[in-house]
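Here are my notes on this model, as numbered points. Please read them alongside the coordinates.

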Amino acid sequence: MLFLQLFYVFSKIGIFNFGGGYAMLSLIYNEVVVNNHWLSNAEFTDIVAISQSTPGPIGINCATYVGYVACINNGYPAWVGCIAAVMASLAIMWLPFILMISISHYLLTHKDEPSVENIFKALRPTIIGMIAAAALLLMNKENFGSPSVNLPLFILSIVLFIAAFFATKQWKVNPILVMLACGIIGLLVY
């Protein structure tokens with residue numbers, strides 16, 4: 001039953017996603033944490049971090065890890081989790097793949113028509129909203145801590161967030177250097 005649910009959920013996420021992996025995160029969270037309770041909030045945050053740090057698209061990586069962890073959390077052995085990981089990865093890709101193959105010729109021949117341009121103009125704010133929803137989703141106690149549990153570490157998390165934002169956006173510091181600096185600070189403090 002879990003395999004069918006995983007296949008259905010990730011097929012649905014794949015077909016209704018526009019805007020890439022970050023736009024997909026809020027859809028994945030809603031399905032795997034809120035609706036189906038396959039993962040906890042902390043596990044989802046860890047999976048997003050792992051998905052960002054491994055090569056490949058974040059949405060597919062996230063589906064892979066969710067499939068595996070959902071099976072393990074439901075008491076299945078690791079080898080069944082590996083099968084579920086592959087199945088969830090394929091489920092998130094198969095419908096968008098068929099859709100793009102089906103409509104790519106039409107889009108290439110009619111890309112300059114006003115109706116097609118209007119559809120893409122309408123999708124832009126939606127995609128930005130979905131990416132913003134994912135950003136807000138990840139601003140949780142698992143990532144920032146809690147002021148009621150440990151106020152100094154919460155303040156340090158906020159300061160690191162603001163410093164990393166301004167370092168990459170305003171001062172154009174190489175993001176790899178920012179990650180290394182924050183990682184070293186985290187290693188020393190946490």
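1. A133 sits in helix α6. This is a predicted model. A133 has a relative accessible area of 31%. That value falls between the 20% and 50% cut-offs, so A133 is partly exposed. Its C-alpha atom is separated by 8.5 Å from that of L25, although A133 and L25 are 108 residues apart along the chain.

2. L25 also turns up among the contacts of F44. F44 touches L25, I28, Y29, V32, V33, L39, C62 and L137, with residues up to four places away in sequence not counted.

3. Next, the nonpolar core. Which members of the largest nonpolar core touch the most other members? They are F10, I28 and F44, out of 32 residues in that core. Helices α1, α2, α3, α4, α5 and α6 each give two or more residues to this core. The largest share comes from α4, with seven residues. Two of these core residues, I28 and F44, have been met already: F44 touches I28.

4. Aromatic pairs come next. The count is five. Take F7 and W94. Their ring centres are 5.9 Å apart and their planes stand at 15 degrees; planes under 30 degrees apart count as stacked, so this pair is stacked. The pair links distant parts of the chain, with F7 in helix α1 (residues 2-15) and W94 in helix α5 (residues 78-110), 87 residues apart. Both partners are partly exposed: F7 has a relative accessible area of 34%, and W94 has 35%.

5. Now F166 and W171. The ring centres lie 6.2 Å apart, with the planes at 40 degrees. An angle of 40 degrees is neither under 30 nor over 60, so the pair of F166 and W171 is tilted. F166 is partly exposed at 36% relative accessibility. W171 is exposed, with a relative accessible area of 58%. Ring pairs also bring in F165, which forms a cluster with F166 and W171.

6. On to the pockets. The largest pocket has a volume of about 1300 Å³. Its lining holds 27 residues, and Q52, N143, F161, A164 and M179 lie nearest the centre. Helices α3 (41-53), α6 (114-137), α7 (141-144), α8 (151-169) and α9 (175-189) each give two or more residues to this lining. Which helix gives the largest share of the lining of the largest pocket? Helix α8 does, with seven residues. By residue class, the lining of the largest pocket has 18 nonpolar, seven polar and two charged residues.

7. The second largest pocket holds about 510 Å³ of space. It is lined by 23 residues, and N17, F18, P96, L99 and M100 are the closest to its centre. At least two residues of this lining come from each of α1, α2 (21-35), α4 (58-73), α5 and α6. Helix α5 gives the most, with eight residues. How do the lining residues of the second largest pocket divide into nonpolar, polar and charged? There are 18 nonpolar, five polar and no charged residues.

8. One last point, on shared helices. Helix α6 is where A133 is found. Helix α6 also gives two or more residues to the largest nonpolar core. It gives two or more to the lining of the largest pocket, and at least two to the lining of the second largest pocket.

Notes: Residues numbered from 1 in each chain as written. Predicted model: local features only at pLDDT ≥ 70, side-chain atom pairs only at ≥ 80, totals over all residues. Heavy atoms only, no water. Phe/Tyr/Trp six-rings, centres within 6.5 Å; stacked < 30°, edge-to-face > 60°. Helix = DSSP H or I, 4+ residues; strand = E, 2+ residues; numbered from the N terminus. Buried < 20%, exposed > 50% of the residue type's maximum accessible area, 1.4 Å probe, protein only. 1 Å grid on protein atoms, 1.4 Å probe; cavity = no way out; pocket = protein on both sides within 12 Å on 5 of 7 lines; lining within 4 Å. Points joined across faces, edges and corners; volume = space filled by probe spheres on them. Nonpolar A, V, L, I, M, F, W, Y, C, P; charged D, E, K, R; others polar. Core = buried A, V, L, I, M, F, W, Y, C linked by side-chain atoms within 4.5 Å. Contact = heavy atoms within 4.5 Å.
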